[in-house]
Amino acid sequence: MEFNYNLEGGNFSRAGAASSEVKKLLKQLNVSPALIKRIVIALYEAEVNVVAHAYEGVMNVVFDNQTIRVKITDKGPGIPDIGLAMQEGYSTASPKVREMGFGAGMGLPNMKKNCDSLSIESQVGVGTTVTMITHLQ
Amino acid sequence: MKKDAFYHALKVVSTACTGCTHCMHVCPTSAIRIKHGKAVIDEAACTDCGMCLKSCPQHAIIVAQDDFAEILRFPFRVILLPTVFIGQFGEDITEEQIFAELHNLGFDYVIEVDKATGLLLEGTKRYMAEHPEQRPFISNFCPAIVRLIQVRFPSLIPHIIRLKQAMDITAAYVRKKYIDLGIPEKDIGVFYVTQCAAKIAAIKCPVGEERSSVDGVINMDFIYNKLRLSLNQHKGEPVREIPEQYHLPPQALRWTQSGGEAANYEGRCLAIDEIHNVIDILEKIENDELGDIDFLELRACDHSCAGGALTTNNRFLTLERLKKRGEYYIAHHLSSVNKMPRYADFLSRQMQLNGEILPRPIEKLDEDLTVALQKMEKIARIMKVLPQVDCGACGAPTCQILAHDIVQGKAKLSQCIFMQKILTQEGALTPEESLAMSAEIWGDEKFENIEQI
């Protein structure tokens, strides 16, 4: 079962919409509330990252009997040093983005904490692909 | 009193219902379908918020109440009022007149439940200090919101404050007070005047509590009419003096209004009213989008209890009356004669609710993940053929919900009138069969008046 959601860079008013849609699906699948919470927190962080940093992106969600696999692919500036970006508090967000309450430098660490496995591939000047896998049971 | 598993106060009067779909489209939990031309409420999904009642042009949705005559069985009768009750009357009718007429109607003691808000406020502050792990705290003031969280946001149940509300504290207080004065407990009948269906449901089937301290409920519109009539009959007569007459301070008057709780606590406190606004905020809380919230006051009705389904006065006029009442209190340097603090220890000890608030998720497609996934795939396939105009002609509020009902075996794809036209053209359905299908949803009479054109 596969779902795709388009993400629009810079449109903060819609940030969180895709995560909310996935949350509805997880509720339909009778996933435990605590697990839904983890997954949605990770998705929301990823979604906001695309909105805050990239030009556009797609959230691809695939369910099977055991797992939810989410791949967020964006066209954007890319991450030059993934190791640095994974450190809590490190942020490249502009002052404008921070004023909106985003960009505290907790995004990637928070995503890692709230999924079973996280992988990031990025090419500077092209874009970033984040894949998160979480077991549903 | 009989306690149903999931008691609901909202009932459809099928003789009055025309199946117009207004209620079906406003229900925040999609609990309503049309069958045989009548609205049918799914008890598992209903939160008793009252949106259906407010939207019904035929007044076909009512709030079931206890038989008023039952009240007279109790030798000592207490009537509990929410503060918005006084707000139902214009300024030409004084609080003294209202209290006196309630005595004339057969009540022995009149008290507004918001007298207990002082104790409740102290209790809530203590509770918050003792349970920091529950932050953000969600108020359990509005029973419709507690039920909404149970069915749509079960992950937020641990945040709900577990304390008795003003109505139950006041009921316990009155009971104790008169037992101490020598009246046998079985002789005391405590009745609450309710502004909404949710409070009734909370009394008949309390969440997280063994039983309510309230014996029965009286619908606000019902007692309002009785009182108006009585006032007319006693016009010009001197107003009887009532010993328990008192004044309420502005803090207590504001409690049931929007912001009335949130104003009292430290930190970032939000006050949200109207159930769709509440759903919007709960979605954000569930996503962890709002980081540092300390307290959420959530009310199902627009303008909180002043907008309750059983109120008779315009909600803005209700608030105006209550505001003036508060201003009068300040201008005349009144003080509240509140004897409840004498029982503070007794009432505080039993304020904590110990029962569980159970999750009752309505969105799950199946207990089993594999089966749920299969059903989800089926819904996606069905959605590709449905017109997605959400016309409601199938008897469900949206195409998505019809698809949901189909996979659960509660509806058929051919209920969709677009599908029926296609199937008829393809010869898979005769025009008679198509008509019979529509008649099953909308009732035969909707298809019998064609000759009258």
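A residue counts as buried when its relative accessible area is under 20%. Keep that cut-off in mind as you look through the views below, which show a predicted model.

**View 1. Helix H6 of chain B is mostly covered.**
Let us put the definition to work straight away. How many residues of helix H6 in chain B are buried? The helix spans residues 143-152, and 10 of its 10 residues are buried. Starting at one end, you meet B:Pro143, B:Ala144, B:Ile145, B:Val146 and B:Arg147, and then B:Leu148, B:Ile149, B:Gln150, B:Val151 and B:Arg152. What do these buried residues pack against? Within chain B, their partners are strand E7 (137-138), helix H8 (197-204), helix H11 (275-286) and strand E11 (295-299). Chain A joins in as well, through its helix H1 (17-28).

**View 2. Chain B and chain A meet in a shared contact.**
Here you can look at the place where the two chains touch. Chain B brings 23 residues to the contact, and chain A brings 22 residues. Between them, the two chains bury about 2,100 Å², with 58% of that area on carbon and sulfur atoms. Which residues of chain B lose the most area to chain A? They are B:Asn287, B:Leu369 and B:Met376, and together they account for 31% of what the chain B side buries.

**View 3. A:Cys115 sits in a loop of chain A.**
Find helix H5 (107-113) and strand E4 (117-123) in chain A, and you will see A:Cys115 in the loop between them. Is A:Cys115 buried or exposed? Its relative accessible area is 6%, and the cut-off for buried is under 20%, so A:Cys115 is buried. Leaving aside residues up to four places away in sequence, A:Cys115 touches A:Arg38, A:Met132, A:Ile133 and A:Thr134. You can also trace a path from A:Cys115 to A:Ser20: they are 95 residues apart along the chain, and their C-alpha atoms are separated by 17 Å.

**View 4. Chain A has five helices and five strands.**
Now follow chain A from its N terminus, and you will pass its elements in the order β-α-α-β-β-α-α-α-β-β. The C-alpha atoms fill a box of roughly 40 × 30 × 25 Å along the principal axes. For 137 residues, a compact globule would have a radius of gyration near 14 Å, and the 14 Å of chain A agrees with this. Buried residues make up 50% of chain A. Take the contacts in chain A between residues at least 6 apart in sequence: 63% of them join residues at least 24 apart. As for charge, chain A carries 13 positive and 13 negative charges, whose mean positions are 5 Å apart.

**View 5. Chain B is built from 17 helices and 11 strands.**
The radius of gyration of chain B is 25 Å, close to the 22 Å that the globule rule gives for 453 residues, so chain B is as compact as a globular protein of that length. Its C-alpha atoms fill a box of roughly 80 × 55 × 40 Å along the principal axes. In chain B, 56% of the residues count as buried. About 20,300 Å² of chain B is exposed, and carbon and sulfur atoms supply 53% of that area. Chain B also has 50 positive and 61 negative side chains, and the centres of these two sets lie 3 Å apart.

Definitions and conventions
Residues numbered from 1 in each chain as written. Chains lettered and ligands numbered in written order. Predicted model: local features only at pLDDT ≥ 70, side-chain atom pairs only at ≥ 80, totals over all residues. Heavy atoms only, no water. Helix = DSSP H or I, 4+ residues; strand = E, 2+ residues; numbered from the N terminus. Rg over C-alpha atoms; globule rule 2.2 N^0.38 Å. Buried < 20%, exposed > 50% of the residue type's maximum accessible area, 1.4 Å probe, protein only. Areas by Shrake-Rupley, 256 points an atom, 1.4 Å probe, with all protein chains shown as cover. Lys, Arg positive; Asp, Glu negative; His and termini not counted. Charge placed at Lys NZ, Arg CZ, Asp CG, Glu CD. Contact = heavy atoms within 4.5 Å. Buried area = accessible area lost by both parts, 1.4 Å probe.
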